[in-house]
Each structure stands twice: as C-alpha cells, then as structure tokens.
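Good morning, colleagues. Please take a moment to look at the sequence and the structure on the screen before I begin.

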Amino acid sequence: SQPVRRKVDETLGRFVGKMIFYLIFLLAFVGVLGQFGVSVTSFAAVIAAAGFAIGLAFQGTLSNFASGVLLMVFRPFKVGDIVNAAGVTGKVFEIDLFTTALDTPDNRRIIVPNNSITGTTIENISYHSERRVDVTVGVDYAASLDKTREVLAAAAESLREFLLDGEGRGYQVVVRELGDSAVVWTVRCWVDAADFWTVNENLITAVKNHLDQAGIGIPYPQMDVHLINQNAE
C-alpha cells in the first residue's frame, strides 16, 4: 500500500518487489505443473540438469543479477542520487535485478547493465551535502601577484551569501602554475551542493568582471613565427 511504501526505502522496495514477483511466478508455474501430474521432484531434477547449460548460456545475465545484489548490499548509491557510472552521468531512477535506469540532465533514459556499473569506478556526485567550486583563470605575467590575489579574493567575496564558513571551508585563491603565456590561478569556494552550478556560473562571471575592472588581462596562447630569408647575403 502507499502508506507502507512511504516507510520503506524506495530503492530496496523496488528491488525486493521484483524478486518477490519472479519467485511467485516460478512457484505458481511449478504448482500448475503439479496439477497436471508432472512430478515436482522430476521437474526439479530437470531444472538442475538444464541449469548448468543455461547458466553457461546466460553468464552475462547472471553476472548482471549478481551485480544487482552487490549494489543492494553495499549501496554505493540509491534511487534519486546523481552518479557517474559506466561512463554515464545521470539521476538514478531505478535499480532493477539486471539493470540500472539513469535519467540524464537532458532528460534521456539510459539503461545500464549492472555488471558494467560494478566493474568500473562509481562516482556518487550527490553523496555529500557540500561541494567545492573551482574556477581556473590565466592572467598576464605583467600583473602584480599581490594585486591579482586581491582582485580574485574580491570576486569570491562577492558570492559571500553562498559561501560556507568553517575549518577548510570558505574560499581560497592559489597560484597553480606559471604557464606558457599566463600565470594560472584557481579560485575555490565551498558551497551547498544544491548551489553548485549557480555558484560555478556566478564565480566565472565575477572573476572575469573583477579582472576587467582592475585592468588585468586574460591572455590567450600565442606563437611568434620568425621567418629567415635564405637568399639574404
């Protein structure tokens, strides 16, 4: 019933529901055969004899089933989580006996075999309630490091309403490397996971606007070509 289902974890409820369905179907099938005079013992022996051959033929299917059990036991994700698994990123819609259904950000339904998921790295994007936004930018070598740090810190501070305070949180402005054509900086801000994409876009905008207002350029890669006249005397 609906009230009971609300009390049960949605992931486990769907999975167990499928298991019970197939088990009842198998028992009903065996019962019907018994009504027609087919020996259940003999039938079980036939199933056992054929099971080995069927198992070899359906190794992939059985592997998916075993992987589905592993997903339920170890629970790397649940229905509603946003994950990156088997090369697919999406929101988990359903964990079935053999497959997992994901809905992509552009609203496509992707059905992934369970053994493809358990056999690769699983990234549970929505697992934590807090995330870090990283924006990397290269600035002119001519710009003062202290001035650039001050400007980028102001860009981060402009999003103070979204920032999370505490040890290891807030924001950081760091020099990453001395690139071929620019000094590379990274601005890091800790925010609620729900605000990640909003802050990501706003921080990119703030970094660009603050650097422009301070007169600090963002160079693009350049190549100087020197031509040598071989005919010159």
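How far apart are the end C-alpha atoms of helix α7, and what span should its 18 residues have? This is a predicted model, and the values I quote are computed from it. Helix α7 covers residues 196-213, and at 1.5 Å a residue it should span 26 Å. Its end C-alpha atoms lie 25 Å apart, which agrees with that expectation.

Which residues of α7 are buried? They are Phe196, Val199, Asn200, Leu203, Ala206, Val207 and Leu211. These residues cover an arc of only 135° around the axis, so they sit on the same side of α7. The general principle is familiar: an α-helix has 3.6 residues a turn, so residues three or four places apart point the same way. On the other side of α7, Trp197, Glu201 and Gln213 are exposed.

What do the buried residues of α7 pack against? Their partners are β6, residues 130-139, α6, residues 145-157, and β8, residues 183-192. Just after α7 comes Gly215, which takes a positive phi of about 75°.

Allow me to turn to α6, one of those partners. The 13 residues of α6 should span 18 Å at 1.5 Å a residue, and the end C-alpha atoms are indeed 18 Å apart. Its buried residues are Thr148, Val151, Leu152, Ala153, Ala155 and Ala156. The elements that cover them include β6, β7, which is residues 171-178, β8 and α7.

Within α6, I would single out Thr148. Is Thr148 buried or exposed? Its relative accessible area is 0%, and it therefore counts as buried, the cut-off being under 20%. Leaving aside neighbours within four places in sequence, Thr148 is in contact with Val139, Ala143, Trp185 and Ile216. Thr148 and Val173 are 25 residues apart in sequence, and their C-alpha atoms are 9.7 Å apart in space.

I now move to the surface. Val69, Leu70, Val73 and Phe74 form a nonpolar patch there, with about 390 Å² of accessible area together. Val69 belongs to helix α4, residues 59-74. With 32% relative accessibility, Val69 counts as partly exposed.

After α4, the chain enters the loop that leads to β1, residues 82-85, and Pro76 is found in this loop. Pro76 has a relative accessible area of 29%, so this residue too is classed as partly exposed. Setting aside neighbours within four places in sequence, Pro76 is in contact with Leu71, Ile122 and Asn124. How many residues separate Pro76 and Tyr127 in sequence, and how far apart are they in space? They are 51 residues apart in sequence and 9.2 Å apart in space, C-alpha to C-alpha.

Finally, I offer the figures for the protein as a whole. There are 7 helices and 8 strands. Of the 233 residues, 29% are buried. Among contacts with a separation of 6 or more, 62% are between residues 24 or more positions apart. The protein exposes about 15400 Å², and carbon and sulfur atoms supply 58% of that area.

To close, I return to the helix with which I began: α7 has its buried residues packed against β6, α6 and β8, while Trp197, Glu201 and Gln213 are exposed on its other side. Thank you for your attention.

Conventions: Residues are numbered from 1 along each chain as its sequence is written. This is a predicted model: local features need pLDDT of at least 70, side-chain atom pairs count only at pLDDT 80 or more; totals for chains, interfaces and linings use all residues. Side-chain values use heavy atoms; hydrogens and water are left out. Helices (H or I, at least four residues) and strands (E, at least two) are DSSP runs, numbered from the N terminus. The expected span of a helix is 1.5 Å times one less than its number of residues. Buried means under 20% relative accessible area, exposed over 50%, partly exposed in between (1.4 Å probe, protein chains only). The arc is that of the directions from the helix axis to the C-beta atoms. Contact means heavy atoms within 4.5 Å. Accessible areas come from the Shrake-Rupley method with a 1.4 Å probe; for residues, only the protein chains shown count as cover. Patches are made of residues with over 30% relative accessible area and no salt bridge: like charges are joined within 9 Å, nonpolar side chains (Val, Leu, Ile, Met, Phe, Trp, Tyr) within 5 Å. A salt bridge is a side-chain nitrogen of Lys or Arg within 4 Å of a carboxyl oxygen of Asp or Glu.
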